[in-house]
Amino acid sequence: MSANTPPSDRRRFPRLAAPLYARPARLRRVDKQQVLDASLGGVRIYSDDVYAENSPLELDLFLKDGTCLQCHARVAWTKKLPDKAVARYEVGLAFTDVSDAVLEQLKTVLIPDEEGGPDTP
């Protein structure tokens with residue numbers, strides 16, 4: 001996936017419709033940050049930490065109601081942001097090991113697929 005590919009060309013899953021927050025799972029003292037974009041395939045976040053492509057990451061995702069979802073992901077891509085941006089990097093994370101129960105909860109905050117019915121992949 002090229003960093004120059006427009007996000008709309010990469011999307012295979014419905015997008016985020018409600019606030020979602022994330023933090024690395026083992027960093028309980030780190031503040032939660034709002035997720036920029038999310039789908040059943042992964043999330044896009046800002047980070048001041050650099051992550052190597054394909055490196056694993058455990059995430060805690062927080063729904064608006066305070067529910068915490070634990071997910072395993074890999075770094076799909078990183079993009080260095082300009083100086084004075086809100087963070088040093090923009091990071092795309094692809095889910096690698098997410099339970100069916102977590103996926104069902106994530107569906108509650110995603111925009112339904114407008115082009116097809118609920119059975120459309």
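**A walk through the predicted model**

At 87% relative accessibility, Lys-84 counts as exposed. This residue is found in the loop between β6 and β7. Its backbone stands out too: Lys-84 has a positive phi of about 70°, although it is not a glycine. Most residues other than glycine have a negative phi. Asn-54 is another non-glycine residue with a positive phi, here about 75°. Asn-54 sits in the loop between β4 and β5. With a relative accessible area of 49%, Asn-54 is partly exposed.

Before going further, a word on confidence. The model is predicted. The protein chain averages a pLDDT of 77, and 69% of the residues score at least 70. Over residues 1-9 the pLDDT is below 50. That stretch has five contacts in the model beyond near neighbours in sequence. Residues 115-121 also have a pLDDT below 50, with two such contacts. Where pLDDT is low, the predicted coordinates should not be read in detail.

Now move inside. The largest nonpolar core has 23 residues. Those with the most contacts inside it are Leu-20, Val-35, Val-43, Leu-61, Val-91, Leu-93 and Phe-95. Which elements give two or more residues to this core? They are the strands β1 (20-24), β4 (42-47), β5 (56-63), β6 (68-80) and β7 (89-97), together with the helix α2 (100-107).

Take β5 next. This strand is mostly covered, since six of its eight residues are buried. β5 runs antiparallel to β6, and seven bridges join the two. One pairing to find in the model is Leu-59, whose bridge partner in β6 is Cys-71. Four residues lie between the strands of this hairpin. In the hairpin, Gly-66 takes a positive phi near 95°.

Strand β7 holds Gly-92. Is Gly-92 buried or exposed? Its relative accessible area is 5%, so Gly-92 is buried. Leaving out residues up to four places away in sequence, Gly-92 touches Val-43, Arg-44, Arg-74, Val-75, Ala-76 and Trp-77. Thr-78 is 14 residues from Gly-92 in sequence, yet their C-alpha atoms are 6.3 Å apart in space.

Arg-44, one of the residues touching Gly-92, also takes part in a charged pair. Side chains of opposite charge can pair when their charged atoms come close. Arg-44 forms a salt bridge with Glu-90, and the closest N and O atoms are 2.8 Å apart. Arg-44 lies in strand β4 and Glu-90 in strand β7, so the pair ties together parts that are 46 residues apart in sequence. The two ends differ in cover. Arg-44 is partly exposed, at 22% relative accessible area, whereas Glu-90 is buried, at 11%.

How many salt bridges does the model have? The count comes to two. The other joins Glu-104 to Lys-107, with the closest N and O atoms 3.0 Å apart. Both residues belong to helix α2. Because they are three residues apart there, about one helical turn separates them. Glu-104 counts as partly exposed, at 45% relative accessibility. Lys-107 is also partly exposed, at 42%.

Key. Residues numbered from 1 in each chain as written. Predicted model: local features only at pLDDT ≥ 70, side-chain atom pairs only at ≥ 80, totals over all residues. Heavy atoms only, no water. Core = buried A, V, L, I, M, F, W, Y, C linked by side-chain atoms within 4.5 Å. Buried < 20%, exposed > 50% of the residue type's maximum accessible area, 1.4 Å probe, protein only. pLDDT = per-residue confidence, 0-100. Contact = heavy atoms within 4.5 Å. Pairing = 2+ DSSP bridges. Salt bridge = Lys/Arg side-chain N within 4 Å of Asp/Glu carboxyl O.
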